[in-house]
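Reader: I should like to learn how to read the features of a protein model. May we begin with the empty space inside it?

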Amino acid sequence: MNSILNPDLYHGKNKHNYFFEGWYFKLTDTKEDLSIALIPGIIKGKNQHSFIQYVNGASKSFKYFTFSHKDFISSDKAFNINIAGNYFSLEGIKINLQDKEQSIALDLQFNNIVRWPDSHINPGSMGFYNYLTFMECYSQVSAIDGYASGTILINEKEYKLTNSKIYIEKNWGKKFPYSWFWFQCNTFSQKDLALTCSIAHIPFPIYSFRGFLAAFRYKDEVITFTTMKRSKLTITKGEDSLSFRLTNRNYELIIEPNSKDEDFLLLHSPDGEAMKPDVLESIVSEIRVTLKEKSTGKILAEDTGMKAGIEYGGNYKELFD
């Protein structure tokens, strides 16, 4: 029950087969031309191990660091994990990774974290779905927005950060959906804007459906659009473009992502008992957003964010039909 009410926590303590859990940290600093992602996690079963995936958008580099499953340690009371002496939490990151090709060291503290609005009835970003035990994959947005400060050392090049942006989410379950599309950005010219949105095929015992969850930070408000709360999603396909229109009772949000094929890197995702290289992700794309008030049609916010994250996998094009 504790992990249901607090989805940030580790869910795999009593799991042994066909289980994975991974957290996603995206750090962005436009002044330093820095956009990196770190994905610590664990997979259990025949090929069980813990791992840390490292993505560098500027240098277009990716590395999959593997560790024993015994190197994974988690707290039962708070989101705090340790993989072979590399620490991850909602308060910060402290890691030191190296091999013959790369070395990455981070010592960062997080502050002013903006959370997804929830309650005991609807915990986390998936809400009531967290109480269902049969779902294939669960998701949690841990930090829609926030700031990071500290130092980063990448191949002996040092970055001293004071006002960088941090985004945190996680997934757990048996395996990823057979189709999904995700995008995120919190580096708009207007500082109090942030976006996250994921769309996926959701299998249920009798039927399946296209589900989505999205949140848009606008000033001091976090506006959510989710399948569970009966928001609407319309996707418009152009010859070389996509446009997403989300509506709830009070707002309309239009999202227009823009990316280049050469900016995508191949990441790993869980498929049963193994981690396979079948995810394409860019963390240096652009996203244009327009937020409108439904009752008046007034534009409340209109901006283009840089160093945005865009990811897709499986039969993702089916989601656009």
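Reader: Which strand gives the largest share of the lining of the largest cavity?

Author: Rolling a probe the size of a water molecule over the atoms shows where empty space is left. Here the largest share of the lining, six residues, comes from strand E14, residues 193-203. Strands (E, at least two residues) and helices (H or I, at least four) are DSSP runs, numbered from the N terminus. This is a predicted model, in which local features need pLDDT of at least 70 and side-chain atom pairs count only at pLDDT 80 or more, while totals for chains, interfaces and linings use all residues. Residues are numbered from 1 along each chain as its sequence is written, and side-chain values use heavy atoms, with hydrogens and water left out.

Reader: How many cavities of 30 Å³ or more does a search of the whole structure find?

Author: The search finds two. A cavity is a set of points on a 1 Å grid over the protein atoms alone where a 1.4 Å probe fits but cannot get out, and lining residues have an atom within 4 Å of a point. Grid points are joined across faces, edges and corners, and the volume is the space filled by probe spheres set on the points. The largest cavity has a volume of about 700 Å³. Of the 45 residues that line this cavity, Cys137, Tyr138, Ser139, Asn171 and Ser198 are the closest to its centre.

Reader: How do the residues of the two linings divide into nonpolar, polar and charged?

Author: Ala, Val, Leu, Ile, Met, Phe, Trp, Tyr, Cys and Pro count as nonpolar, Asp, Glu, Lys and Arg as charged, and the others, Gly among them, as polar. The lining of the largest cavity has 27 nonpolar, twelve polar and six charged residues. In the second largest cavity, the lining has eight nonpolar residues, no polar and no charged. This second cavity has a volume of about 30 Å³. Its lining consists of Phe25, Leu27, Ile36, Leu38, Ile93, Leu106, Leu108 and Ile166. Strands E1 (19-29), E2 (34-44) and E9 (103-114) are the elements that give two or more residues to this lining.

Reader: How does one read the pairing of strands, and which strands pair with E8?

Author: Two strands pair if DSSP finds at least two bridges between them. E8, residues 92-98, pairs with strand E7 (residues 86-89) in the antiparallel sense over two bridges. Tyr87 has Lys94 in E8 as its bridge partner, and a hairpin joins E7 to E8 through two residues. E8 also pairs with E9, again antiparallel, over seven bridges. The hairpin of E8 and E9 has four residues between the strands.

Reader: Is Leu97 of E8 buried or exposed, and which residues does Leu97 touch?

Author: Buried means under 20% relative accessible area, exposed over 50%, and partly exposed in between, with a 1.4 Å probe and protein chains only. Leu97 has a relative accessible area of 2%, so it is buried. Contact means heavy atoms within 4.5 Å. Not counting residues up to four places away in sequence, Leu97 touches Ile52, Phe65, Phe67, Asn86, Gln102, Ser103 and Ile104. Of these, Ile104 is also the bridge partner of Leu97 in E9. Leu97 and Phe65 stand 32 residues apart in sequence and 8.0 Å apart in space, C-alpha to C-alpha.

Reader: Why is strand E16 described as largely enclosed by the rest of the structure?

Author: Five of the six residues of E16 (residues 221-226) are buried, so the strand is largely enclosed. One example is Thr224 in E16, which counts as buried at 13% relative accessibility. Leaving out residues up to four places away in sequence, Thr224 touches Trp116, Pro117, Ala214, Ala215, Lys229, Ser231 and Asn248. E16 runs antiparallel to strand E15 (residues 208-218), and six bridges join the two. Among these bridges, Arg217 has Val222 in E16 as its partner. The two strands form a hairpin with two residues between them, and Lys219 in the turn has a positive phi of about 55 degrees.

Reader: How does one judge the protein as a whole, and what is its radius of gyration?

Author: The radius of gyration is taken over C-alpha atoms, and the globule rule is 2.2 Å times the number of residues to the power 0.38. For 321 residues a compact globule would have a radius near 20 Å, and the protein has 19 Å, which agrees. The C-alpha trace spans about 55 × 50 × 40 Å along its principal axes. The protein has one helix and 22 strands, and buried residues make up 55% of its 321 residues.

Methods. On a 1 Å grid over the protein atoms alone, a cavity is a set of points where a 1.4 Å probe fits but cannot get out, and a pocket is an open set with protein on both sides within 12 Å along at least five of seven lines; lining residues have an atom within 4 Å of a point.
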